[in-house]
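Here is my note on the structure, set out in numbered points for a colleague who is new to reading such models. Please keep the structure open while going through them.

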Amino acid sequence: MALLIKNGRVVDPASQTDRVADVLASEGKITGVAPNLSAPGAEIFDATGLIVAPGFIDMHVHLREPGFEHAETIESGSRAAAAGGFTSICCMPNTKPVNDSATVTSYIVERARRMAAVNVFPIGAITKGSQGEELAAIGAMKTAGAVAISDDGRPVMNSRVMRRAMEFARSYNLPVIDHCEDLNLSAGGDMHEGLASVRWGLRGIPSASEDVMVARDLVLAQLTGARCHIAHISTRNAVTMVEFARRQKLPVTCEATPHHFSLADEHMPPYDGNYKMKPPLRSLCDVTAVVEGITAGTVTAIATDHAPHAGSEKMQEFERCPFGIIGLETALALALEALVHCGKITLNHLVELFTTGPESVMRLGRGTLAPGAPADVTIFSTERVWTYDVNRSNSRSSNSPFHGRTFRGGPVATVVNGEIVWQRQ
Ligand SMILES: [Zn+2]
């Protein structure tokens with residue numbers, strides 16, 4: 001069955017396309033992008049007035065399966081991804097058991113093949129159990145389908161272990177995705193260390209806990225030649241250091257999350273667990289730096305760090321709440337609001353941040369509408385007004401600070417391998 005997407009504004013940075021055209025998909029591949037295509041018998045999607053882009057890639061998602069299925073499963077998380085306009089997601093290894101072996105990687109690949117609404121690519125752990133000591137079975141995980149390595153959330157504190165990991169990653173040509181946090185500096189902290197944390201009597205997580213690890217790992221990337229990708233960058237110093245490293249032609253990239261470029265600590269309602277995440281919401285000065293990093297091309301990807309936690313876990317006093325928020329369904333709308341509508345970046349640049357940016361790190365063979373590419377397509381509106389109701393989320397969890405927010409623009413339909421897997425009702 002073929003699918004013909006009619007009359008949309010096709011924005012495909014990979015092939016430098018930005019014009020009104022039709023997109024034809026058949027047998028899971030893009031087979032044509034041109035005005036006035038016809039395909040007898042094809043399913044027609046009228047995209048008049050909408051943007052038709054390559055399928056969005058979210059390189060930083062927590063799917064919680066295996067082990068924490070009460071919070072999210074590969075199926076529910078992938079449906080939330082589809083509803084957010086994402087056609088490919090990469091899932092972090094902090095499951096139970098940790099994805100540190102080919103067995104767990106294969107389990108995720110197999111579950112995803114049967115249950116997932118979108119393409120799911122596992123990220124393997126750097127160390128066994130993400131304990132930071134012994135390297136995980138990196139080569140075997142790659143063979144089983146892992147596309148990167150990371151100990152996200154439990155960063156490798158031992159610099160010698162991180163060096164060895166980068167050497168391995170380099171020889172396997174895998175990127176290292178780096179959650180930069182000095183656990184000794186951040187220990188006991190619940191929010192950004194600043195005026196708000198002092199005012200509310202909460203222990204702070206200093207920007208320095210991120211900065212010192214970014215510095216260390218940029219140095220180690222230089223030493224080893226490994227591709228180092230800084231996850232969820234949140235501080236002004238970190239952006240400056242990545243910019244410097246990229247100017248030195250180091251193989252360094254970084255991503256920003258929608259919450260880090262649209263919210264600051266001073267926007268938090270006091271003691272609301274739906275605003276608690278790592279890295280924490282930083283100062284306005286940091287938020288401005290992240291936005292500037294995006295505008296300048298230092299930050300090359302938007303990733304959600306979608307981190308579901310079941311209701312019972314977030315219904316606790318602030319200090320006891322786990323870190324993390326869900327983000328798949330609001331990412332595009334937040335990016336439009338914080339970056340495009342206010343003129344900080346072009347629509348073409350926004351599409352890059354969701355497609356070619358993550359693709360250049362993860363190398364999934366996606367992120368373009370060129371003929372022959374997998375028929376993954378994100379269809380969205382820049383204008384349609386809608387309100388986010390977290391109680392109707394596709395995710396099993398509802399820990400979002402954006403519940404009840406009204407947005408201008410968002411996903412309209414999501415096409416994976418030539419099939420419409422989600423459509424706004
Ligand atoms: Zn992280």
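1. I begin with a pair of strands: β7, which covers residues 86–91, pairs with β8 in the parallel sense, and four bridges hold this pairing. One place to find it in the viewer is Cys 90, whose bridge partner in β8 is Phe 121. Please keep in mind throughout that this is a predicted model.

2. These two strands belong to an open sheet of three strands, in the order β6-β7-β8 and with parallel pairing. At the edges stand β6 (56–61) and β8 (119–122), each with a single partner strand, so one side of each is left without a neighbour in the sheet. On average, neighbouring strands of this sheet are turned by 20 degrees against each other, if direction is ignored.

3. There is also an open sheet of four strands, again with parallel pairing, and its order is β9-β12-β13-β14. Its edge strands are β9 (176–178) and β14 (301–302), each of which pairs on one side only. Between β9 and β12, which run parallel, there are three bridges, and Val 176 stands opposite Cys 228 in β12.

4. Which residues coordinate the zinc ion? The donors are Asp 152 through OD, His 179 through ND1 and His 232 through NE2, at 2.0 to 2.2 Å. Along the chain these donors follow the spacing D-x26-H-x52-H. Asp 152 and His 232 link distant parts of the chain, 80 residues apart: Asp 152 is in the loop between α3 (138–144) and α4 (159–171), whereas His 232 is in the loop between β12 (228–230) and α8 (236–247).

5. Are these two donors buried or exposed? Asp 152 has a relative accessible area of 6% and is therefore buried, and His 232, at 2% relative accessibility, counts as buried as well.

6. Side chains of opposite charge can pair when their charged atoms come close. A search of the whole structure finds 17 salt bridges, and I comment here on a few of them. Asp 18 forms one with Arg 9, the closest N and O atoms being 2.9 Å apart. Asp 18 counts as partly exposed, at 40% relative accessibility, and Arg 9 is likewise partly exposed, at 33%.

7. A salt bridge also joins Glu 110 and Arg 113, whose closest N and O atoms are 2.8 Å apart. The two residues are separated by about one helical turn, because they are three residues apart in helix α2 (residues 102–115). Glu 110 is partly exposed, with a relative accessible area of 32%, whereas Arg 113, at 60%, counts as exposed. Together with Arg 114, Glu 110 and Arg 113 are linked in a network of salt bridges.

8. The salt bridge between Glu 210 and Arg 282 has its closest N and O atoms 3.4 Å apart. This pair links distant parts of the chain, since Glu 210 is in helix α7 (residues 207–224) and Arg 282 is in the loop between α9 (258–262) and α10 (284–296), 72 residues apart. Both Glu 210 and Arg 282 are buried.

9. Turning to aromatic side chains, the structure holds eight aromatic pairs, and ring pairs link Phe 56, Phe 86, Phe 354 and Phe 380 into a cluster. Charged groups also sit over rings: the charged end of Lys 278 is over the ring of Phe 323, 4.5 Å from its centre, and Arg 424 lies over the face of Trp 386, at 4.5 Å from the ring centre.

10. Lys 278 deserves a second look, as a cis peptide bond joins Lys 278 and Pro 279, with omega about -10 degrees; Pro 279 is found in the loop between α9 and α10. A cis peptide bond also joins Glu 65 and Pro 66, with omega about 10 degrees, and Pro 66 lies in the loop between β6 and α1 (74–83).

11. Finally, please check two backbone angles. Glu 27, in the loop between β2 (17–26) and β3 (29–34), has phi near 50 degrees, a positive value in a residue other than glycine, and at 78% relative accessibility Glu 27 counts as exposed. For Asn 417, phi is also near 50 degrees; Asn 417 is placed in the loop between β16 (406–416) and β17 (419–423) and counts as partly exposed, at 37% relative accessibility.

Definitions and conventions. Residues numbered from 1 in each chain as written. Predicted model: local features only at pLDDT ≥ 70, side-chain atom pairs only at ≥ 80, totals over all residues. Heavy atoms only, no water. Phe/Tyr/Trp six-rings, centres within 6.5 Å; stacked < 30°, edge-to-face > 60°. Lys NZ or Arg CZ within 6 Å of the ring centre and 35° of its normal. Donors = N, O, S within 2.8 Å, 3.2 Å for Na, K, Ca; no water. Buried < 20%, exposed > 50% of the residue type's maximum accessible area, 1.4 Å probe, protein only. Salt bridge = Lys/Arg side-chain N within 4 Å of Asp/Glu carboxyl O. Pairing = 2+ DSSP bridges. Axes fitted to C-alpha atoms, helices over the stretch in contact; angles between N-to-C directions.
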